[in-house]
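User: Could you take me through this model? I would like to start with the overall picture and then turn to one residue.
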Amino acid sequence: MTGALGIEAVAMTKRFGDFVALDDVTIRVRPGSFHALLGENGAGKSTLVKCIMGYYRPEEGQVIVGDREREIANPRQAHGLGIGMVYQHFTLVPNMTVAENLVLAQPDLPAVIDWRKERPRLEAFLAQMPFKVPLDRVASSLAAGEKQKVEILKQLYLDRRFLILDEPTSVLTPAEADEVLGLLQRMTRAGRLTILMITHKFREVMAFADEVSVLRRGKLVGGGLVTELDTDRMAAMMVGEAALPQPKSRNEQPAGAVRLRIDSISALDDGGQPAVRGLSLEVRAGEILGIAGVSGNGQRELVEVLAGQRPATGGKILVDGQPFHARRDQIRRHRIALLPEEPLRNACAPNLTVAENMGLRRFDIAPYARGPWLKPSAFREAATGLISRYRVKTPSPLAPIKALSGGNIQRAVLARELGEPPSLLIVANPVFGLDFQAVAEIHNQIIEARNLGAAVLLISEDLDELFELADRIAVMFAGRIVHETAVAGTRPTEIGRHMAGHGEDAHEAA
Amino acid sequence: MTRSDGWAATIDAVAIPVLAIVVALVLFGAFVAIYGVDPFAAYGLMFEGAFGSAFSWQNSLLRSAPLILTALCTALPARAGLVVIGAEGALALGGLAAAAVGHALDGANGMVTVTVMAVAAAVIGGAWVALAGALRYWRGVNETIASLLLVYIAIALFNHLVEGPLRDPASLNKPSTPPIADDAMIGAIPGFDVHWGLVTGVLLCLAFWVLIERTTIGFAIRLIGDNQKAARLAGLRLGGYVLVVCALGGAAAGLAGLYEVAAVHGQANASLLVGYGFTGILVSFLARHNPLAIIPVAILIGGIGASGGLLQRRLDLPDAAVLVLQGILFVTILASETMYGRIRWRLPSLVAARRPA
């Protein structure tokens with residue numbers, strides 16, 4: 001295979017109706033470089049890479065691959081040129097194993113797959129990769145972090161020479177992220193691969209990227225060699241004049257009564273294997289309990305049990321001292337709000353309107369309904385209010401919610417869940433793939449809920465987030481809480497050790 | 001963007017079924033050409049037989065009445081995300097129940113008898129299809145397979161009872177239940193040859209549309225149909241709704257059986273089982289499970305059925321020719337399901353519906 005590929009996008013302009021998503025943007029990605037593409041939500045990053053990949057046809061501009069101008073009319077042609085993309089949303093076939101997913105991705109798949117040949121090839125390939133994935137696990141049973149690894153491996157397995165990554169590390173632990181990006185960086189240094197990475201994390205840009213381009217509102221507003229830039233300069237380019245919201249200060253308040261008590265709860269994963277094994281915890285009013293853990297240790301299943309989306313196989317959940325089964329009346333009485341990860345999949349009806357999705361919690365009570373009759377005008381009015389309060393960018397309250405971008409879907413769900421102050425708030429990976437502005441806003445909302453006396457259970461794979469927000473941190477490993485401590489006076493390395501399952505010796509310290 | 005979004009959906013909803021019908025007609029034209037018949041002569045005759053005169057209109061409407069009712073049996077569960085194809089069974093048992101009750105109440109007041117027959121038909125039909133829903137919800141049995149197999153059981157039960165315990169000894173060549181009394185028969189709409197089943201069907205379509213679009217129960221049903229996880233998050237208990245949509249749909253199909261007995265045949269026999277339940281599936285899919293769209297679609301399909309006789313008499317085509325058209329239609333309709341959303345992808349002005357992230 002020949003080496004890394006360089007790509008130039010020259011004077012790209014892309015319009016959607018009246019909206020100019022890309023305005024005369026030119027970027028040059030040198031062969032063998034690690035190029036970061038920075039920008040806020042809606043800045044045009046995804047549009048730019050989709051033009052390069054052939055999903056969109058730009059109104060103006062050319063793509064130069066290597067040293068020749070190429071017409072890329074569809075993703076297949078991009079693949080043919082050696083350009084691949086890892087998406088924010090997963091593209092694995094859920095019911096197939098990892099090995100099958102990797103083999104399936106090949107464009108010239110033979111009619112009959114000779115597994116005796118493919119298997120050693122796969123294993124040899126995996127052997128030179130710095131991280132492992134279980135080849136025989138079914139993709140749907142993998143946690144988000146593991147799925148993302150498989151997505152990247154899939155592209156590497158296809159020998160792509162130019163790889164576009166859309167927020168590739170949003171679901172990885174810092175250590176995993178460093179590992180993956182380090183691998184990719186070594187491959188660029190070796191001249192095998194060129195990387196164009198969409199990201200919001202300055203740390204990753206500073207540590208791994210060679211060059212950076214910054215987009216704002218469809219325009220290229222700056223860029224250059226990373227060594228010649230610093231974080232403040234990049235942030236200023238990205239945000240422009242608009243300032244980030246001030247971080248909310250946390251009230252110093254003693255934790256109140258126990259709101260949520262989980263008593264040795266157990267649950268199975270999609271494959272029928274135990275995922276949550278007799279987990280117990282307590283969250284008090286006015287505190288944030290953070291659950292740390294590498295993805296795939298039962299966090300997803302735990303959240304689904306709390307959401308009523310997965311039956312518990314044992315144990316019980318008490319809210320305000322009363323048994324809780326995620327029934328409508330209980331949710332309403334105890335004022336429970338829940339923000340699961342991947343909200344479009346877990347918390348929205350994609351084809352229903354934004355207004356209907358926002359009314360999903362309270363559709364059968366006033367003002368949304370009178371007796372058995374829905375009041376569409378009430379849905380519309382309530383949604384219009386929430387849309388402006390939470391600055392959800394949507395063409396109309398009556399657009400299907402799946403037409404919104406990821407960040408705006410997240411905002412819409414946030415608006416629904418926090419529009420009325422909750423008394424118990426359960427949050428899982430709330431800022432998956434969001435930009436600074438949105439992250440800061442959501443973090444502020446969570447702190448505000450805590451300050452108002454809500455009990456908050458925050459499940460996150462991002463340690464920085466937990467240390468920023470939580471009052472206490474509990475570590476989840478293999479379906480149990482293995483460590484619990486106050487945040488004050490705790491070092492991330494200690495949490496990290498427990499996350500890796502090596503914390504038994506440190507138990508007394510808890 | 002709102003406009004282009006709405007336009008895309010509207011264009012999809014109208015253009016795709018029309019396109020599917022056109023493709024089916026072309027394929028059917030090729031089929032009749034094999035018999036040496038001019039396809040355009042066939043199309044012309046079909047239109048004449050379906051909608052060419054007052055008589056053919058009435059014939060078409062008569063056939064559309066049971067189709068509207070059986071289509072609801074697929075359409076309603078479909079809104080909750082279930083694919084139910086068991087209308088034929090509900091029709092058979094509903095009709096049988098109506099005939100049995102009608103005979104048992106022989107001599108009672110006509111209105112009372114008709115009412116009791118209607119209740120029996122609706123309850124039996126509803127319970128039969130709800131069985132598929134219950135199997136789905138509590139045992140995880142695929143509702144499509146279950147409802148289809150329940151059709152075979154229902155037909156076997158129907159045949160057993162009609163040829164055995166419930167058989168009228170006077171029915172020699174064609175085993176039938178005893179005829180119901182004349183005053184328990186449902187007559188035609190005054191001034192028409194079409195019976196009240198058509199009115200019932202239209203009213204039920206309106207009622208179900210209101211139920212789905214304008215009530216809290218309908219909201220829950222749509223929520224469940226679109227994303228079960230979101231429905232669970234909202235604290236809905238799915239089982240009740242699954243049973244309700246199946247039971248309501250089955251009740252509608254059961255009423256189709258009632259009208260076939262009490263308005264057409266006067267007794268239950270094999271004439272009930274001419275496939276209205278299966279054609280109803282076609283109608284529901286063609287109408288994209290929208291109760292209001294079911295009405296015109298059922299009339300169209302009823303018209304195709306009505307034109308069969310004319311094709312046979314004038315063009316010497318086999319009497320099953322229109323069934324061939326129905327079969328082709330079903331295939332093209334199902335195939336066209338994959339086209340939704342894709343056409344929007346090709347129209348540049350409509351891509352605006354997707355905002356860049």
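Analyst: The following exchange covers chain B as a whole and then a glycine in chain A. Please note that this is a predicted model.

User: How many helices and strands are there in chain B?
Analyst: Chain B contains 15 helices and 0 strands. Its radius of gyration is 21 Å, close to the 21 Å from the globule rule for 357 residues, so chain B is as compact as a globular protein of that length.

User: And what box do the C-alpha atoms of chain B fill?
Analyst: Along the principal axes, the box is roughly 75 × 60 × 35 Å.

User: What share of the residues in chain B is buried?
Analyst: Of its 357 residues, 53% are buried. As for the surface, chain B exposes about 15000 Å², and 67% of that area is supplied by carbon and sulfur atoms.

User: Which contacts in chain B link residues 24 or more positions apart?
Analyst: Such pairs account for 75% of the contacts with a separation of 6 or more.

User: What about charged side chains in chain B?
Analyst: There are 20 positive and 18 negative side chains, and the centres of the two sets are 18 Å apart.

User: Changing topic: where is Gly321(A)?
Analyst: Gly321(A) sits in the loop between β14 (314-319) and β15 (322-323) of chain A.

User: Is Gly321(A) buried or exposed, and why?
Analyst: Gly321(A) counts as exposed because its relative accessibility is 57%, and the cut-off for exposed is over 50%.

User: How far is Gly321(A) from Val258(A)?
Analyst: Their C-alpha atoms are 7.9 Å apart in space, while the two residues are 63 residues apart in sequence.

Key
Residues numbered from 1 in each chain as written. Chains lettered and ligands numbered in written order. Predicted model: local features only at pLDDT ≥ 70, side-chain atom pairs only at ≥ 80, totals over all residues. Heavy atoms only, no water. Helix = DSSP H or I, 4+ residues; strand = E, 2+ residues; numbered from the N terminus. Rg over C-alpha atoms; globule rule 2.2 N^0.38 Å. Buried < 20%, exposed > 50% of the residue type's maximum accessible area, 1.4 Å probe, protein only. Contact = heavy atoms within 4.5 Å. Areas by Shrake-Rupley, 256 points an atom, 1.4 Å probe, with all protein chains shown as cover. Lys, Arg positive; Asp, Glu negative; His and termini not counted. Charge placed at Lys NZ, Arg CZ, Asp CG, Glu CD.
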